[in-house]
Structures are given as C-alpha cells and as structure tokens.
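Student: Could you walk me through this structure before I head back to the bench? I would like to go through it piece by piece.

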Amino acid sequence: MLSQLTNVAKFPSSVNTLFVNCMHPKYSHTDGFLYPCFCYVNSHLFSKSCLCSVEPDNLTDVLEFLLLGFSDDPGLQTLTFSLFLSMYVVTMLGNLLIILAVSSDSHLHTPMYVFLSTLSVADIGFTSTTVPKVILDIQTHNRVISHAGCLIQLSFFNLFGCLDSVLLTVMAYDRFVAICYPLYYPVIMNPRLCRLLILVSFLISLLDSQLQCLVVSQLTFCTNVEIPHFFCDPPQLLKLSCNDTSTNKIFMYFIGGIFAGIPVSGILFSYTRILSSVLRVPSTGGKYKALSTCGSHLSVVCLYYGTGLGVYLGSSVSHSSRKDAVASVMYTVVAPMLNPFIYSLRNRDIKRALQRLLNRTA
C-alpha cells in the first residue's frame with residue numbers, strides 16, 4: 001500500500017490524483033480491515049486508472065449499480081410510470097398485431113412482410129429490455145441492479161438494437177431487388193434466402209452484443225456507483241469505471257462503427273440504386289407507384305436512425321446525463337411504438353389483414 005502511494009506522488013503535473021471512497025464493508029480484505037483506492041486522471045490522454053489495495057475482480061463480483069432514472073420527485077415519478085406503462089402496452093399490442101396479421105394471412109407470406117414481422121419481434125425485445133425495469137423500479141422504489149443483471153440487460157439491449165438495424169438493411173435490399181429487378185424478384189428473394197438473411201442478421205447482432213458485453217465486463221469499479229440513466233448505458237459505465245478506459249472506448253467505437261456503419265451504408269446504397277432506377281421510369285404514375293412501396297420503410301429508417309443520431313449528437317454537446325436519459329426515450333421506447341402505426345397506416349395490405357383478423361376475433 002505504501003509503495004502505491006509513493007507511485008501516486010511521483011506522477012507528473014499533468015496527472016490529477018483523486019481519492020475514491022472504497023471504504024465499504026463489501027470491499028473489506030480477508031483480515032477484516034477496509035482499504036481505500038486512489039484514482040489518477042491524465043488530463044492530456046483523457047484516461048483514468050485506479051490503484052486499489054484489493055483485487056479489482058473481487059470488487060466487481062459484489063458490485064451493484066443504482067439507476068437514477070429521471071427524477072426523485074414523487075409527482076414526476078407517477079407521471080413517468082404512467083407514460084412508460086402506456087407506451088409499453090401500446091408497443092406490445094401494435095407489434096403483436098403486426099405479427100398476428102402477417103402470420104394469419106397467406107397473402108402476406110412474402111419476403112417484405114416476413115421481414116416486417118421479424119422487425120416487430122425485435123422491437124418487442126428491444127423495448128422489453130429496458131421499460132419493464134423502469135416500471136418495476138418506480139413501483140417498488142428500488143432502483144438497484146446487480147453487476148450480472150446490468151451485463152444481461154446490456155447484452156439483450158445491444159442484441160435487439162443491432163437486430164433492428166440489420167433487419168432495416170435487409171428490408172432495404174428487398175425493396176432494391178423488387179424495384180430494380182422485378183422480373184427476377186421471386187427467384188432472388190426465395191424462402192431459403194429469406195430464412196438465411198434472418199439467421200445471418202441474428203448472428204451478426206449476437207456477435208455485436210457479445211463484443212459490447214465483453215468490453216463492459218472488463219471494466220473495474222472501486223465502489224457502488226450511480227448510473228444517471230434508466231438502463232445500463234455503455235457510455236455511462238465507461239465514465240464511471242475507475243480503470244483506464246481509453247482502450248475500451250476505442251474498441252467500443254470501432255465495434256459501433258462497423259456494426260452501425262455497414263448497415264447504414266447498405267441502406268444508402270440500396271436507395272441510391274432505387275432512386276436511379278425510378279428516375280428512368282417515363283411516367284409520373286410509375287415513379288409514384290415504385291416509391292410508394294418504400295415509403296413505410298423509409299419512414300421507419302428515418303425514425304430509427306434520426307432519433308439515435310440525435311441522442312448521440314445531443315450527448316456530445318450536452319453535459320447533462322439526465323437530459324441524455326430523456327432523449328434516449330425517443331429511440332428506445334417511442335421508435336418501436338410508432339413502427340407498427342407507420343406500416344399499418346401507410347400499407348393497404350396490412351390494413352386489410354388487420355381488418356380480417358379483427359373480424360375473425362369479433
């Protein structure tokens with residue numbers, strides 16, 4: 001311990017030494033005494049490291065996080081509970097209706113609608129990863145989440161979030177084939193390829209999820225920490241970690257760039273080819289008919305990536321974690337809730353299938 005303190009004293013002037021309170025019974029050594037940790041922050045390298053007199057792994061094993069949510073005001077908590085509960089119910093009902101409509105109507109057993117029903121499954125999973133926890137925390141007045149629970153939530157959050165992104169790319173490819181190669185569409189988009197695309201989408205999302213989870217699992221926390229968010233957000237966990245996170249940040253941004261950049265590039269490529277093909281159609285009616293089949297998908301793409309990009313850019317400008325949490329509601333809750341309405345209101349086939357489904361149950 002004395003050698004560690006000596007090393008702290010030898011740091012250059014660019015390094016700020018901070019005392020971190022780790023004196024908690026959970027972190028007592030085998031001899032029964034409590035040991036503190038010291039953190040040093042390098043302002044030039046934007047890195048942070050911790051010197052603990054106990055093993056970091058022992059600390060992480062017993063760690064619990066406190067999700068601060070949105071507000072401690074009882075009145076606002078009641079409003080938050082009502083909003084999240086109503087939005088979650090609407091999301092579940094809307095996406096379940098899309099799944100039931102596609103599965104029950106043989107006319108909708110086409111690639112586009114099969115991908116749409118899979119997207120609805122992903123939206124249900126994406127919302128169910130975070131919203132029920134928020135509702136339960138407000139109801140029980142207990143915002144604690146274990147380290148293992150945080151990793152599980154993070155894993156499923158990234159899994160369904162990435163699955164949404166990849167499926168939107170697959171749907172863009174489907175529209176590209178349908179408009180640019182209409183005569184070959186039944187041959188190219190055969191059932192075997194559709195199943196393969198869905199399987200590959202899931203495997204890519206699973207890989208992204210596990211890599212993100214691996215990065216977060218390597219972080220060390222010297223004491224119980226408070227997360228100023230309503231779920232285990234990776235950037236917040238990186239900020240709260242007391243070891244050097246520079247490598248973790250680079251790796252996480254690299255993963256995000258690959259698993260987000262490639263789907264976006266695929267969507268842009270598909271719509272560039274679609275637009276080029278549509279402009280060659282001589283009649284205005286033909287152009288409108290071709291583009292109308294892409295309207296719902298394009299709206300969902302703009303909603304998903306627009307809200308996600310808005311939150312990302314907003315968090316880089318704003319230094320308020322609570323404001324970031326409120327903004328995150330847009331792409332974690334609002335976007336999955338609106339997707340069924342966008343497809344059902346703009347698509348006659350879905351409207352008819354829903355009408356037949358409701359008539360059957362009536």
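Tutor: What follows is a talk through strands, cavities, annotated spans and salt bridges.

Student: What kind of model is it, and how are residues numbered?

Tutor: This is a predicted model, in which local features need pLDDT of at least 70 and side-chain atom pairs count only at pLDDT 80 or more, while totals for chains, interfaces and linings use all residues. Residues are numbered from 1 along each chain as its sequence is written, and side-chain values use heavy atoms, with hydrogens and water left out.

Student: OK, strand E4 then: which residues are on its covered face?

Tutor: Strand E4 (residues 64-67) has Phe65 and Leu67 on the covered face, whereas Glu64 and Leu66 are on the uncovered one. Strands and helices here are DSSP runs numbered from the N terminus, with at least two residues (E) for a strand and at least four (H or I) for a helix.

Student: Which strands does E4 pair with?

Tutor: E4 runs antiparallel to strand E5 (residues 144-146), joined by three bridges, and pairs in the parallel sense with strand E6 (residues 225-227), again over three bridges. Two strands pair if DSSP finds at least two bridges between them. In E5, Ile145 is the bridge partner of Phe65, and in E6, Glu226 stands opposite Leu66.

Student: Switching topic, how many cavities are there?

Tutor: The search of the whole structure finds two cavities of 30 Å³ or more. A cavity is a set of points, on a 1 Å grid over the protein atoms alone, where a 1.4 Å probe fits but cannot get out, and lining residues have an atom within 4 Å of a point. Grid points are joined across faces, edges and corners, and a volume is the space filled by probe spheres set on the points.

Student: What lines the largest cavity?

Tutor: The largest cavity holds about 140 Å³ of space. Of its 14 lining residues, Gly69, Phe70, Val134, Ile138 and Arg143 are the closest to the centre. Helix H3 (74-104) and helix H5 (131-140) each supply at least two residues of that lining. By class, the lining has seven nonpolar, five polar and two charged residues, where Ala, Val, Leu, Ile, Met, Phe, Trp, Tyr, Cys and Pro count as nonpolar, Asp, Glu, Lys and Arg as charged, and the others, Gly among them, as polar.

Student: Which residues of H5 are buried?

Tutor: In H5, Val131, Lys133, Val134, Ile135, Asp137 and Ile138 are buried. Buried means under 20% relative accessible area, exposed over 50%, and partly exposed in between (1.4 Å probe, protein chains only). H5 is followed by His141, which has a positive phi near 55 degrees.

Student: And the second largest cavity, which element gives the largest share of its lining?

Tutor: That is H4, with four residues. The second largest cavity has a volume of about 30 Å³, and among the residues that line it are Asn95, Leu116, Asp123 and Tyr343. The elements giving two or more residues to this lining are H3, helix H4 (111-128) and helix H13 (321-346).

Student: What does UniProt say about membrane spans?

Tutor: An unreviewed UniProt entry carries the annotation "transmembrane region" for several spans, including residues 112-131 and 250-269. UniProt positions are given in the numbering used here, feature names are shortened, and annotations may be inferred rather than shown by experiment. In the model, residues 112-131 are 90% helix and 0% strand, with end C-alpha atoms 28 Å apart, while residues 250-269 are 100% helix and 0% strand, with end C-alpha atoms 27 Å apart.

Student: Last topic, how many salt bridges are there?

Tutor: The count comes to four salt bridges, a salt bridge being a side-chain nitrogen of Lys or Arg within 4 Å of a carboxyl oxygen of Asp or Glu. One of them joins Arg356 and Asp105, with the closest N and O atoms 2.3 Å apart. Arg356 lies in helix H14 (residues 348-361) and Asp105 in the loop between H3 and H4, so the pair ties together parts that are 251 residues apart in sequence.

Student: Is that Arg356 buried or partly exposed?

Tutor: Arg356 counts as partly exposed, at 36% relative accessibility, whereas Asp105 counts as buried, at 5%. Another salt bridge joins the side chains of Arg175 and Asp174 (2.9 Å, N to O), and both of those residues are buried.

Note on methods: On a 1 Å grid over the protein atoms alone, a cavity is a set of points where a 1.4 Å probe fits but cannot get out, and a pocket is an open set with protein on both sides within 12 Å along at least five of seven lines; lining residues have an atom within 4 Å of a point.
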